[in-house]
Amino acid sequence: PPLTTWSADGFLASGVAAVISNQFRLNALPVAVEAACASSLAAIDLAVRGLAAGRYDAVLTGGVDLPANARDLVICSNLGLLSPTRITPFDERADGVSVGEGIALFLLKRLDDALADGDPIFAVLRALGASSDARSLVAPDAEGQALAIRRAFTGVEFGPDDVQYLEAHGTGTIAGDRAEVQAIASVYRNGGRSHPLALGSVKSMIGHSFAAAGAAGLLKTVLALRERTVPPSIHVDRVNPALGLDSIPAYVVIDPEPWPAPPHGARRAAVSSMGTGGINYHLLVEEAPGAH
């Protein structure tokens, strides 16, 4: 597109935040967060910390990325990350990512404030765990990912058995899928689960949107909680048996399924997002109060 007075803002992450603040006349502090493919959940982490500390009363946060350009495609190709066909997370044919684009934003408030103000509440963020393994720029590390998952559960009164759906990072790379399932299994595998853990990845639908990937996964999960439907992954013909999902037990959701209320507690889900350089996030989210 032709260059305009908005072009500089559009090329800068901080500029995008500033444009949003300007256009909605928010008089809000515009801040950009860079955490590679985990940027969205890193931004949400900072937002939640600010709300808990009383620094803000409301935060508009999420992720945006428009990466389908020649430079990023060449970089991904040189790193051996691109699929020659299409992204198929957890499938036996999984051989890389497809590049996607997108934006997803969330308005976050303290729950008591939202209830007092009569706001429509879509879901409640219960906890967020983060870690860094930093062993390699692009090689995933199962131990580092598992640490983020464990840290998330230290902030809630329920355990992995009480999570019914997990929105995985699910890049569709051989190493990435294998490491992620190993991390999930190390925390979620036990004998107390009454029903197998449902797994999915929004990347099967829209590709890998990099900095916006975590926001896309969270948006999918929030809508799933609202609709009481476990959402599917697509283009999955045969789940890779080498991943060992049965041992958790877990399964990849192929078709939409009703999400019944559990006998005790609320509908609960988890969202994972990992960035290059060993940045790992795991978020725990549950249905809105009264939705049970």
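**A guided reading of the predicted model**

Leaving out residues up to four places away in sequence, Ser273 touches Cys37, Ala38, Leu41, His169, Gly214, Ile279, Asn280 and Tyr281. The model is a predicted one, and Ser273 offers a convenient point of entry. This serine belongs to strand β9. Ser273 has a relative accessibility of 1%, and because buried means under 20%, the residue counts as buried. One of its contacts can be described at the level of atoms: a polar atom of the Ser273 side chain lies 3.1 Å from the backbone oxygen of Cys37. A further distance helps to place the residue in the fold: 16 Å separates the C-alpha atom of Ser273 from that of Ala185, and the two residues are 88 apart along the chain.

From Ser273 the reader may turn to the sheet around it. Strands of a sheet pair through backbone hydrogen bonds, in either the parallel or the antiparallel sense. Here the sheet is open and has 6 strands, in the order β3-β10-β9-β4-β5-β7, with mixed pairing. The edges are formed by β3 (123-132) and β7; each has a single partner strand, so one side of each is left without a neighbour in the sheet. From one strand to the next, the twist averages 20 degrees.

The mixed character of the pairing can be followed strand by strand. Strand β9 (residues 268-275) runs antiparallel to strand β10 (residues 279-287), and 8 bridges connect the two. Within this pair, Ser272 stands opposite His282 of β10. Helix α9 (residues 213-227) packs on the sheet and touches β3, β4, β5, β9 and β10. The direction of α9 makes about 170 degrees with that of β9. Gly214, which lies within the residue range of α9, is among the residues that Ser273 touches.

Further along the sheet, the pairing is parallel. Strand β4 (residues 165-167) pairs with β5 in this sense over 3 bridges, and Leu166 has Leu199 of β5 as its bridge partner. On its other side, β5 pairs with β7, again in the parallel sense and over 3 bridges; here Ala198 stands opposite Tyr251 in β7. The side-to-side arrangement of β5 (residues 197-200) is also defined: Leu197 and Leu199 point one way, Ala198 and Gly200 point the other way, and all are buried.

The loop that precedes β7 contains a notable backbone feature. The peptide bond between Ile248 and Pro249 is cis, with omega about -5 degrees. Pro249 is located in the loop between β6 (229-230) and β7 (250-252).

Two more backbone features occur in the loop between α2 and α3. Asn27 is in this loop, and its phi is near 50 degrees, a positive value in a residue other than glycine. Ala36 is found there as well; although not a glycine, Ala36 has a positive phi of about 55 degrees. Their surroundings are not alike: Asn27 is exposed, with a relative accessible area of 79%, whereas Ala36 is buried, with a relative accessible area of 18%.

The loop leads into helix α3 (residues 39-52), in which Asp45 lies. Asp45 counts as buried, at 10% relative accessibility. The side chain of this aspartate makes a polar contact with the side chain of Arg49, at 3.0 Å. Apart from neighbours within four places in sequence, Asp45 is in contact with Leu128 and Tyr281. Tyr281 thus appears a second time in this account, since Ser273 touches Tyr281 too. Leu128, for its part, falls within the residue range of the edge strand β3.

The aromatic residues complete the picture. The structure holds 3 aromatic pairs. In one of them, Phe153 and Phe158 are arranged edge-to-face, with 6.3 Å between the ring centres and 90 degrees between the planes. Both rings belong to buried residues: the relative accessible area is 11% for Phe153 and 8% for Phe158. Together with Tyr188, Phe153 and Phe158 form one aromatic cluster. Arg268 lies over the face of Phe158, at 4.1 Å from the ring centre. Residue 268 is where the range of β9 begins, and the path therefore returns to the strand that holds Ser273.

Note on methods:
Residues are numbered from 1 along each chain as its sequence is written. This is a predicted model: local features need pLDDT of at least 70, side-chain atom pairs count only at pLDDT 80 or more; totals for chains, interfaces and linings use all residues. Side-chain values use heavy atoms; hydrogens and water are left out. Helices (H or I, at least four residues) and strands (E, at least two) are DSSP runs, numbered from the N terminus. Buried means under 20% relative accessible area, exposed over 50%, partly exposed in between (1.4 Å probe, protein chains only). A polar contact is a pair of N or O atoms within 3.5 Å; within protein, one must be able to donate a hydrogen and the other to accept it, and residues adjacent in sequence count only if both atoms are side-chain atoms. Contact means heavy atoms within 4.5 Å. Rings of Phe, Tyr and Trp (its six-membered ring) pair if their centres lie within 6.5 Å; planes under 30 degrees apart count as stacked, over 60 as edge-to-face and the rest as tilted. A charge sits over a ring if NZ of Lys or CZ of Arg is within 6 Å of the ring centre and within 35 degrees of the ring normal. Two strands pair if DSSP finds at least two bridges between them. Axes are lines fitted to C-alpha atoms, for helices over the stretch in contact, and angles run from 0 to 180 degrees between N-to-C directions.
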